[in-house]
Amino acid sequence: MTTRKTIEDNLPTPGKFDFRPAVSVDGAAISALIRQFLHEFTINPAGTGAEKFLDSVSTEAETRYIADPRYRYIAAFEDTQLAGFIALRDGSHVFHLFVSPAFQRRGLATRLWQKAKAAALSMSTPECFTVNSSPFALPVYARFGFKETGPQVEAHGIHFVPMHLQLVEYTDDDGTP
């Protein structure tokens with residue numbers, strides 16, 4: 001008997017991820033994961049000129065953010081390996097969203113976003129969510145419903161595009177958007 005492979009057979013299978021709030025000991029793994037993607041948002045591939053940014057994603061800095069109540073980190077693990085994480089600042093700004101290359105194209109970024117958004121909405125009612133997206137991540141955020149709010153910005157040795165996801169629709173006095 002001959003079996004035929006379908007396109008679905010070649011798609012990665014969704015992982016069995018354990019989701020939990022990040023804790024201070026996760027700072028090193030989170031920093032290491034971010035550093036895998038530096039080439040996607042530093043202006044100079046060697047990171048020259050982005051020293052301030054690089055300091056802001058060091059193990060020490062990430063550990064401080066995790067402990068700061070303004071930040072909410074959700075990490076996804078497969079066994080003991082960090083597969084990805086998301087961090088929201090002040091309940092409405094996507095501060096970080098990274099998925100390890102080994103776990104990409106398995107829906108993990110979407111699941112992290114859904115969990116973070118649901119957690120934020122259960123605690124408050126933000127009018128919108130914002131993010132400063134790397135140029136490479138624009139399609140991901142667009143799939144989540146984010147819209148570009150301005151041109152690409154270059155600052156502190158990195159480049160990003162400001163985006164927002166409007167949750168509250170404003171209307172005129174007559175009820176029209």
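These points go through the fold, one helix pair and several single residues of a predicted model.

1. Overall make-up. The chain has six helices and eight strands. Read from the N terminus, the order is β-α-α-α-α-β-β-β-α-β-α-β-β-β. Four helices thus follow the opening strand in an unbroken run, as the β-α-α-α-α start of that order shows.

2. Burial and contact range. The chain has 177 residues, and 40% of them count as buried. Take the contacts between residues at least 6 apart in sequence: 60% of these join residues at least 24 apart.

3. H1 against H4. Helix H1 covers residues 27-35, and helix H4 covers residues 59-67. Two packed helices are described by the angle between their axes and the distance between the axes. Here the axes come within 8 Å and cross at roughly 120 degrees. The pair is therefore oblique. Roughly perpendicular would need 65 to 115 degrees, and roughly antiparallel over 145. The crossing of H1 past H4 is right-handed.

4. Residues at that crossing. H1 contributes Gly-27, Ala-28, Ile-30, Ser-31 and Ile-34. From H4 come Thr-59, Glu-62, Thr-63 and Ile-66. By class, the contact has four nonpolar, four polar and one charged residues.

5. Ser-58. This residue sits in the loop between helix H3 (51-56) and H4. Its relative accessibility is 14%, so Ser-58 counts as buried, the limit being under 20%. The Ser-58 side chain reaches the backbone nitrogen of Ala-61 at 3.1 Å. Beyond its neighbours within four places in sequence, Ser-58 is in contact with Ser-31 and Arg-35. Ser-31 is also one of the H1 residues that meet H4.

6. Ala-32. Is this H1 residue buried, partly exposed or exposed? Ala-32 is partly exposed, because its relative accessible area of 40% falls between the 20% and 50% limits. Ala-32 lies in H1. Ser-100 is 68 residues away from Ala-32 in sequence, yet the two C-alpha atoms are 10.0 Å apart in space.

7. His-93. Strand S4 (residues 93-99) holds this residue. With a relative accessible area of 11%, His-93 is under the 20% limit and therefore buried. Which side chain makes a polar contact with the side chain of His-93? That partner is Thr-130, at 2.7 Å. Thr-130 also appears among the contacts of His-93 outside its neighbours within four places in sequence. The others in that set are Ala-87, Leu-88, Val-131 and Asn-132.

8. Asp-90. The loop between strand S3 (81-89) and S4 contains Asp-90. Most residues other than glycine have a negative phi. Asp-90 has a positive one, near 55 degrees. Its relative accessible area is 48%, so Asp-90 counts as partly exposed, with exposed set at over 50%.

9. His-156. Phi is positive here too, near 55 degrees, in a residue other than glycine. His-156 is in the loop between strand S7 (153-155) and strand S8 (158-166).

10. Points to look at on screen. Start with the H1 and H4 pair, with its oblique axes and right-handed crossing. Then find Ser-58 in the loop that leads from H3 to H4, and its side-chain contact with the backbone nitrogen of Ala-61. Next, take the polar contact of His-93 with Thr-130. Finish with the positive phi values of Asp-90 and His-156.

How values were computed
Residues numbered from 1 in each chain as written. Predicted model: local features only at pLDDT ≥ 70, side-chain atom pairs only at ≥ 80, totals over all residues. Heavy atoms only, no water. Helix = DSSP H or I, 4+ residues; strand = E, 2+ residues; numbered from the N terminus. Buried < 20%, exposed > 50% of the residue type's maximum accessible area, 1.4 Å probe, protein only. Polar contact = N/O pair within 3.5 Å; in protein donor to acceptor, adjacent residues only side chain to side chain. Contact = heavy atoms within 4.5 Å. Axes fitted to C-alpha atoms, helices over the stretch in contact; angles between N-to-C directions. Parallel < 35°, antiparallel > 145°, perpendicular 65-115°, else oblique. Left-handed = near helix turned anticlockwise from the far one by under 90°. Nonpolar A, V, L, I, M, F, W, Y, C, P; charged D, E, K, R; others polar.
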